[in-house]
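Student: Please take a close look at one part of this structure, the aromatic residues, and follow it out to whatever surrounds that part.

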Amino acid sequence: MSTFAKRERLLLADLLETAGPEAPTLCEGWQTRDLAAHVVVRERRPDASAGLLIKQLSARLDKAMDEFAAKPYEELIQLIRTGPPRFSPFQLKQLDEASNIIEFYVHTEDVRRAQEDWTPRELDPVFQDALWSRLERTARLMGRSAPTGLVLRRPDGQTAVAHRGTPVVTVTGEPSELLLFLYGRKSAAKVDLDGEKDAIAKLSEGKQLGI
């Protein structure tokens with residue numbers, strides 16, 4: 001049985017292929033070619049992708065990104081479709097699901113929602129529950145620099161605290177939309193914000209969420 005991560009991987013590859021190498025994305029400064037290169041580097045060059053978190057390795061990451069972005073676009077798409085190398089830890093189904101379900105979902109929406117005629121996807125409840133499970137585990141990390149207290153709420157009332165503090169802003173939406181908000185795609189996320197007016201403005205206008 002295919003996992004959600006594998007499903008999103010294939011969808012992302014299809015969207016990137018259809019959009020072509022120069023289409024916009026929600027990732028500031030990146031076209032689809034850049035996004036495709038990022039996905040490939042993350043899976044195939046762990047020595048370089050560590051630069052996403054470790055400043056001292058950022059030059060290595062930039063070099064690897066440039067090298068892969070220079071490859072034929074069709075080759076990048078095929079590398080995404082076929083997945084990581086044979087002996088990569090990402091070949092393990094459980095690790096792939098744990099590490100990639102959010103990665104591929106968010107980047108799929110990065111491509112979809114950058115298009116003018118995009119419409120929301122109908123996501124099944126099991127997938128929404130899987131996204132919520134990951135969201136609960138990453139909320140504190142992704143929301144650690146929020147300028148206000150931050151609570152994430154599902155329509156059914158389940159909540160996760162992303163940042164403790166006052167005043168508190170409560171963001172309500174489906175897990176898929178809350179993930180996009182928490183991962184810095186605030187303007188594209190379909191959510192409702194509740195709290196003091198100034199606090200909502202501070203949270204909405206800042207760029208403090210995400211890694």
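Tutor: Phe4, Tyr105 and Phe127 form one aromatic cluster. The model is predicted, and the values below are computed from it.

The count of aromatic pairs is two. In one of them, the ring centres of Phe4 and Phe127 are 4.9 Å apart and the planes stand at 40 degrees, so this pair is tilted; the tilted class takes what is neither under 30 degrees nor over 60. Phe4 belongs to helix 1 (residues 4-19) and Phe127 to helix 7 (residues 125-142), and the pair thereby links distant parts of the chain, 123 residues apart. Phe4 has a relative accessible area of 19% and is buried, because the cut-off for buried is under 20%. Phe127 is also classed as buried, with a relative accessibility of 0%.

Phe127 pairs with Tyr105 as well: the ring centres lie 6.1 Å apart with the planes at 75 degrees, so this pair is edge-to-face. The centre distance falls within the 6.5 Å limit for a pair, and an angle over 60 degrees gives the edge-to-face class. Tyr105 is in helix 6 (residues 93-112) and Phe127 in helix 7; they are 22 residues apart, and this pair too links distant parts of the chain. Both Tyr105 and Phe127 are buried.

Phe127 also has a charged neighbour. Arg7 lies over the face of Phe127, at 4.5 Å from the ring centre. Another arrangement of this kind involves Lys71, whose charged end sits over the ring of Phe68 at 5.4 Å from the ring centre.

Tyr105 leads from the cluster to the domain boundary. The protein chain is divided into domain 1 (3-114) and domain 2 (137-205), with C-alpha centres 26 Å apart. Contact between the domains involves nine residues of domain 1 and ten residues of domain 2. About 740 Å² is buried between domain 1 and domain 2, and carbon and sulfur atoms give 68% of that area. On the domain 1 side, Ile102, Tyr105 and Arg113 supply 61% of the area buried against domain 2, more than any other three residues. Tyr105 is thus named both in the aromatic cluster and among these three residues.

Charged residues meet across the boundary too. There are two salt bridges between domain 1 and domain 2. As for individual salt bridges, Arg185 forms one with Asp110, and their closest N and O atoms are 2.7 Å apart.

Definitions and conventions:
Residues numbered from 1 in each chain as written. Predicted model: local features only at pLDDT ≥ 70, side-chain atom pairs only at ≥ 80, totals over all residues. Heavy atoms only, no water. Phe/Tyr/Trp six-rings, centres within 6.5 Å; stacked < 30°, edge-to-face > 60°. Helix = DSSP H or I, 4+ residues; strand = E, 2+ residues; numbered from the N terminus. Buried < 20%, exposed > 50% of the residue type's maximum accessible area, 1.4 Å probe, protein only. Lys NZ or Arg CZ within 6 Å of the ring centre and 35° of its normal. Domains from an automatic or database assignment. Contact = heavy atoms within 4.5 Å. Buried area = accessible area lost by both parts, 1.4 Å probe. Salt bridge = Lys/Arg side-chain N within 4 Å of Asp/Glu carboxyl O.
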